[in-house]
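Let's take a friendly walk through this structure, with an eye on how its parts are held together. Have the sequence and the 3D view open as you read.

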There are 2 protein chains.
Amino acid sequence: MRIIVPFDAQDPNTRLASQLDAEKRYEFARTMLRDVLDTIISTGHEPTVLATGPVETEEADVIIDERSLNPAVNAFLGQTAERVGIIMSDLPLMTETALHRLLASTSEVALAPGRGGGTNALLVDHGEFRVDYHGVSYLDHLTIANEVDASVEVIDSFQLAVDIDRPADFGEVLIHGDCRTHDWLSDEGFELCRSDGRVEVRRCRYTNS
Amino acid sequence: MRIIVPFDAQDPNTRLASQLDAEKRYEFARTMLRDVLDTIISTGHEPTVLATGPVETEEADVIIDERSLNPAVNAFLGQTAERVGIIMSDLPLMTETALHRLLASTSEVALAPGRGGGTNALLVDHGEFRVDYHGVSYLDHLTIANEVDASVEVIDSFQLAVDIDRPADFGEVLIHGDCRTHDWLSDEGFELCRSDGRVEVRRCRYTNS
């Protein structure tokens, strides 16, 4: 099985711009990527980073494809007859157990929905299936799987659903994360602020920025 | 096993006030409750609604306890030696499979985190464990379980994590829900609005309000 992790090497995590400048955003994105690669490696697989530009990483091979997400992933899918896992790089909460539930699927397409209709993790074992991450990709991927007569399994996982791409998501990492990303946010001064309602995140000190 | 579903019969879902008036909010809350009760019954269990006031329901017995959530639930826990499941009433995405994963736990405390640090579903098989839904209850419940030396399992489920208590949550129901709550929102004119980014929800027509 091949497992690819798409990565925006140019300007990752733009939705975090209110909290982190471009340099910090890249550092944060690399930290999350490292967590994701570590978890993939822990399950016994060798991940490949599918990046839009050079990425220094000791954990994985890197394929550079400057195109956007859909053509880059679909080009990869078109070049291999193997099963392919496609794991987003902003899932630092993903544990081995959660990833294993996806990779152990016997369906031709297995997918883990993200919040808001995204697709955070995919397993593709069907020659004609192609991705479309634009819009409500979860529903689109179900439609595409149906169109190519692929059997489908939906993986019900909170850990796979929580992609970290907005400042409000930092709370989930601080609550659940036993990972580098958790420590990075802590070192940057982000901490949970408990209120009567839902948890909030505040930045209490600026240690490194 | 006893399974209780706490329900605010006075003024439920106040965070939806921008979208639904008090009468509609109650109707919406009752619709979600019915979905949750149906799913519990489908797993072969008999739910009990723990309500702050009278609730008409054919699906379950009702215990009225006017106190707030923590004392009401803890009074129930103190009166039984059985295993107790505590399922929030705003989880219309919960399927039999997801609920079964919780109820099949062999730990003394099993809990499914909600987004933002909440606890959406609990299984308690320990005489000393008590709930505290105030604040970041997921972390608090882990602490309480540790204090009473209860074994713990965390249930990793998107369906159990998504409680519907803000307008933005309607999108999750419209995307994933095969339930009465989905149909209720559709009948009220709420629909998915696909954009380039994440999905949005808009109200296209006012059929019944």
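The report below goes from the fold of one chain to its salt bridges and then to the interface.

**Chain A on its own**

Please keep in mind that this is a predicted model. Chain A is built from seven helices and nine strands. Its radius of gyration is 17 Å, close to the 17 Å that the globule rule gives for 209 residues, so chain A is as compact as a globular protein of that length. If you lay the C-alpha trace of chain A along its principal axes, the spans come to about 50 × 40 × 30 Å. Of the 209 residues in chain A, 57% count as buried. Contacts tell us something about the fold as well: among those in chain A with a separation of 6 or more, 57% are between residues 24 or more positions apart.

**Salt bridges**

Counting over all chains, the structure holds 26 salt bridges. Here are some of them, each with its closest N to O distance.

| Salt bridge | Closest N to O distance |
|---|---|
| Asp38(A) and Arg180(A) | 2.2 Å |
| Asp125(A) and Arg83(A) | 3.7 Å |
| Asp169(B) and Arg115(B) | 3.0 Å |
| Arg101(B) and Asp156(A) | 3.4 Å |

Let's take the pairs within a chain in turn. The side chains of Asp38(A) and Arg180(A) meet in a salt bridge at 2.2 Å, N to O. This pair links distant parts of the chain, with Asp38(A) in helix α1 (residues 22-42) of chain A and Arg180(A) in helix α7 (residues 180-187) of chain A, 142 residues apart. Asp38(A) has 24% relative accessibility and counts as partly exposed. Arg180(A), at 33%, is partly exposed too.

Next comes the salt bridge that Asp125(A) forms with Arg83(A). Asp125(A) lies in the loop between β6 (119-124) and α4 of chain A, while Arg83(A) lies in the loop between α2 (69-78) and β4 (84-87) of chain A, so the pair ties together parts that are 42 residues apart in sequence. Asp125(A) is partly exposed at 33% relative accessibility, and Arg83(A) is partly exposed with a relative accessible area of 24%.

In chain B, a salt bridge joins Asp169(B) to Arg115(B). Asp169(B) sits in the loop between α5 (158-161) and α6 (170-176) of chain B, and Arg115(B) in the loop between β5 (109-113) and β6 (119-124) of chain B, 54 residues apart. Are these two residues buried or exposed? Both Asp169(B) and Arg115(B) are buried.

Back in chain A, a network of salt bridges links Lys24(A), Glu27(A), Glu188(A) and Arg203(A).

**Where the chains meet**

At the interface, 32 residues of chain A are in contact with 32 residues of chain B. The area buried between the two chains is about 2800 Å², and carbon and sulfur atoms give 51% of that area. How many salt bridges are there between chain A and chain B? The count is two. One of the salt bridges is formed by Arg101(B) with Asp156(A), with the closest N and O atoms 3.4 Å apart. There are also 10 residue pairs in polar contact between the chains, both residues being at pLDDT 80 or more.

On the side of chain A that touches chain B, α3 (96-103), α4 (137-147), α5 (158-161) and α6 (170-176) of chain A each supply at least two residues. The residues on that side divide into 10 nonpolar, 10 polar and 12 charged.

Technical notes: Residues numbered from 1 in each chain as written. Chains lettered and ligands numbered in written order. Predicted model: local features only at pLDDT ≥ 70, side-chain atom pairs only at ≥ 80, totals over all residues. Heavy atoms only, no water. Contact = heavy atoms within 4.5 Å. Buried area = accessible area lost by both parts, 1.4 Å probe. Salt bridge = Lys/Arg side-chain N within 4 Å of Asp/Glu carboxyl O. Polar contact = N/O pair within 3.5 Å; in protein donor to acceptor, adjacent residues only side chain to side chain. Helix = DSSP H or I, 4+ residues; strand = E, 2+ residues; numbered from the N terminus. Nonpolar A, V, L, I, M, F, W, Y, C, P; charged D, E, K, R; others polar. Buried < 20%, exposed > 50% of the residue type's maximum accessible area, 1.4 Å probe, protein only. Rg over C-alpha atoms; globule rule 2.2 N^0.38 Å.
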